[in-house]
Amino acid sequence: MLEAANSGFDWLPALDPPRVFIPLGAAKVSAGFPSPAADYEDKRLDINEYLIRNPVSTFFFPVQGDSMQGAEIFDGDILVVDRSIKAMHGHIVIAFVDGERLVKRLHHRDGCVALVAENPAYPTIDIRGDMELVIWGVVIAKFKRLG
Amino acid sequence: MPVFALVDCNNFYASCEKLFDPKLASKPVVVLSNNDGCVVARSVEVKALGIPMGVPWFKIQKEAKQYGIVAFSSNYALYADMSNRVVEVLGQFTPNLEVYTFPLKSS
């Protein structure tokens, strides 16, 4: 008998959890670059609000592979993908090329579309007329637990 | 004068499964009941083949092979999540919503 597939695929729905505002410490933690939380100084930060703009159109995808490491997207990171954003040149996108799901930077200039890896070990994928491209969503953030 | 809107999602479970794989966009897709017993959702392509709602999966093996029907075990967590998203989007248009069943209403 034909096997039924499981949609136990590797995406996770972005739930709409209760807001948890965590007070930011007064002292900045210096890691050698300006803190992305600097603007929230003396405020409280909700991680969901920080990472997600539009919960109804947002999904999480764990990353496999190292093709986007130049954009600081590493194996095992979890991407925040918003389907409500119109993909533009320069966006990092979840794309399907001939059915294969990829995360790449979208290049769209002079009528040419390409998907560019952020790792010299991976070739740029030029989208030709005979290829099927679906831009599924725009990657707006990533996160990862350390230990 | 009040305006009423009726919103219904077509082939909801099957549509949910298709969302995550564009390859399936124009393929016949069914979703099966618990333990892959019966067909509980049919994509428009499956309906066009004349496969009825509720038919046991084992009874349509021939058609499944012939037409390349893709079957999914039901994933209610997914359908509930997607249903909530739909309701939330509709809630952006009006606070007056009457939500009629999420569970097992597929046609």
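Author: A residue is called buried if 20 or more other C-beta atoms lie within 10 Å of its own. In this predicted model, the residues of helix α4 of chain B that meet that condition are B:Leu78, B:Tyr79 and B:Met82.

Reader: What makes these buried residues lie on the same side of α4(B)?

Author: Around the axis they cover an arc of only 95°, which puts them on the same side of α4(B). What covers them includes α1 of chain B, residues 12–19.

Reader: How do you know what the span of helix α4 of chain B should be, and what are its end C-alpha atoms apart?

Author: The helix has 16 residues, from 76 to 91, and at 1.5 Å a residue it should span 22 Å; because its end C-alpha atoms are 22 Å apart, the two values agree.

Reader: Why are α1(B) and α4(B) called roughly perpendicular to each other?

Author: Their axes come within 10 Å and cross at roughly 95°, and since angles of 65 to 115 degrees count as roughly perpendicular, the two helices are therefore described that way. In their contact, B:Phe12, B:Tyr13 and B:Cys16 of α1(B) meet B:Leu78, B:Tyr79 and B:Met82 of α4(B), and the residues of this contact divide into 6 nonpolar, no polar and no charged.

Reader: Which residues of α1(B) are buried, and how do you know whether they line one face of the helix?

Author: The buried residues of α1(B) are B:Tyr13, B:Ala14, B:Cys16 and B:Glu17. Seen down the axis of α1(B), they fall within an arc of 155°, so they line one face of the helix. What covers them includes the strands β1 (29–32), β2 (39–42) and β3 (70–73), together with α4, of chain B.

Definitions and conventions
Residues numbered from 1 in each chain as written. Chains lettered and ligands numbered in written order. Predicted model: local features only at pLDDT ≥ 70, side-chain atom pairs only at ≥ 80, totals over all residues. Helix = DSSP H or I, 4+ residues; strand = E, 2+ residues; numbered from the N terminus. Expected span 1.5 Å × (residues − 1). Buried ≥ 20, exposed ≤ 12 C-beta atoms within 10 Å, placed from the backbone. Arc of directions from axis to C-beta. Contact = placed C-beta atoms within 7 Å. Axes fitted to C-alpha atoms, helices over the stretch in contact; angles between N-to-C directions. Parallel < 35°, antiparallel > 145°, perpendicular 65-115°, else oblique. Nonpolar A, V, L, I, M, F, W, Y, C, P; charged D, E, K, R; others polar.
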